[in-house]
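Dear colleague,

I am handing over the structure we spoke about, and below it you will find what came out of going through it. Please read the notes with the structure open beside you.

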Amino acid sequence: MAFSLYAALGDSMSTDHYPTCDVRQLDTPPSRLDPLGAAALLHSNDDARWPEFRGRELERLHPGLTFLNLAEDGAMIDDVATEELARLGHDSNDPGIMLTLTAGGNDLLDALGSRASMDRAVRQIERRYEELIATLREELPAATLVLSTVYDPTDGTGHLPGLESLGRLPLEYLDQFNARVRELARESEHTLLADVHRHFLGHGVSAAEADCWYWGRNMIEPSARGASEIRRVWLETLA
């Protein structure tokens, strides 16, 4: 399939914010971001930084491809379903459209800070995600849609720097959500699974600094290497 449009939807797993901070050694994202996030690298590789991926980016594999990075730092599922889809535009039967989606992680973190039952909150998150996928499939029925599982920077321990006040994080809810993402990828036509969660295990809190794929100042965010590894999973999925 030759793609004519690549649109990235979702949250900071896709954006340039924290890979830029990582490379520039900044505490907060600057006003001007470098194209170092997963979506940007999938579209156009940084050959000097990541020579392994030279010639494998979408812009070279699909000449004339248009790139829309609609993902936003902090975006939740409802933000994707409203603001990001509105920016994507009208319905289309074009099979040349390809979408990547990273969503759900911020919703799960938000649920941790609420007083609502986690069981009920996660069921609601799953429903919102299912509705988002149904909308995407209705509006873009022929598009290739790549769903990404949410990674676990605790490497299965449930303990994360900066969130110590919450105690051990209830990873069973992350596993439950990711299982639903996997099911939707199997059930939906023209929909693929990028299992970022599986690929990233062992590269979080349990890893040595050189093998950690998360931004050191806030380990829920991808580092520059982490962004490249998300891109790796997407490329392997598309292949």
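A residue is called buried here when its relative accessible area is under 20%, exposed when that value is over 50%, and partly exposed in between. Please also keep in mind throughout that this is a predicted model.

Let me begin with the cysteines. Cysteine 21 has a relative accessibility of 0% and therefore counts as buried, and cysteine 212, with a relative accessible area of 17%, is buried as well because the limit is set at under 20%. The structure holds 0 disulfides. Cysteine 21 is in no disulfide, and the nearest cysteine sulfur to it, that of cysteine 212, is 15 Å away; cysteine 212 is likewise in no disulfide, its nearest cysteine sulfur being that of cysteine 21. Since a disulfide would need the two sulfur atoms within 2.5 Å, the 15 Å separation explains why cysteine 21 is not counted as bonded to cysteine 212.

Cysteine 212 also appears in another part of these notes, as one of the residues that line the largest pocket, together with Asp22, Glu209, Ala210, Tyr214, Gly216, Ser223 and Arg225. That pocket has a volume of about 180 Å³, and its lining has 3 nonpolar, 2 polar and 3 charged residues. For orientation, the C-alpha atom of cysteine 212 is separated by 18 Å from that of serine 14, the two residues being 198 apart along the chain. Serine 14 itself has its place in the loop between β1 (5-10) and α1, and at 0% relative accessibility serine 14 counts as buried.

Turning to enclosed space, the count comes to 1 cavity of 30 Å³ or more, and about 370 Å³ of space lies in the largest cavity. Of the 22 residues that line the largest cavity, the closest to its centre are Gly105, Leu108, Leu109, Val150 and Tyr151. Which helices each supply at least two residues of this lining? They are α5 (105-112) and α7 (171-187), and the largest share, 5 residues, comes from α5. By class, the residues of this lining divide into 15 nonpolar, 4 polar and 3 charged.

The aromatic side chains deserve a paragraph of their own, as the structure holds 7 aromatic pairs. One of them is formed by tyrosine 129 and phenylalanine 177, which meet edge-to-face at 5.2 Å centre to centre, with 80 degrees between the planes. This pair links distant parts of the chain, given that tyrosine 129 is in helix α6 (residues 118-139) and phenylalanine 177 in helix α7, 48 residues apart. Tyrosine 129 is buried, with a relative accessible area of 0%, and phenylalanine 177, at 1% relative accessibility, counts as buried too.

Another pair is that of phenylalanine 200 and tryptophan 213, whose ring centres are 5.0 Å apart and whose planes stand at 85 degrees, so the pair is edge-to-face. Because phenylalanine 200 lies in helix α8 (residues 196-200) and tryptophan 213 in the loop between α8 and α9 (224-238), the pair ties together parts that are 13 residues apart in sequence. Phenylalanine 200 counts as buried at 1% relative accessibility, and tryptophan 213 counts as buried at 4%. Phe200 and Trp213 also belong, with Tyr151 and Tyr214, to one aromatic cluster. Tyr151 is thus a member of this cluster and among the residues closest to the centre of the largest cavity, while Tyr214 lines the largest pocket.

A charged side chain also meets a ring elsewhere, where arginine 231 lies over the face of phenylalanine 53, at 3.7 Å from the ring centre.

Finally, there are two backbone details to look at. Most residues other than glycine have a negative phi. Glutamine 25, however, has a phi near 60 degrees, a positive value in a residue other than glycine; glutamine 25 lies in the loop between α1 (17-24) and α2 (38-43) and, at 64% relative accessibility, counts as exposed. Histidine 190 has a positive phi of about 60 degrees although it is not a glycine, and histidine 190 is found in the loop between α7 and β5 (191-194), where, at 39% relative accessibility, it counts as partly exposed.

With best regards

Conventions:
Residues numbered from 1 in each chain as written. Predicted model: local features only at pLDDT ≥ 70, side-chain atom pairs only at ≥ 80, totals over all residues. Heavy atoms only, no water. 1 Å grid on protein atoms, 1.4 Å probe; cavity = no way out; pocket = protein on both sides within 12 Å on 5 of 7 lines; lining within 4 Å. Points joined across faces, edges and corners; volume = space filled by probe spheres on them. Helix = DSSP H or I, 4+ residues; strand = E, 2+ residues; numbered from the N terminus. Nonpolar A, V, L, I, M, F, W, Y, C, P; charged D, E, K, R; others polar. Phe/Tyr/Trp six-rings, centres within 6.5 Å; stacked < 30°, edge-to-face > 60°. Buried < 20%, exposed > 50% of the residue type's maximum accessible area, 1.4 Å probe, protein only. Lys NZ or Arg CZ within 6 Å of the ring centre and 35° of its normal.
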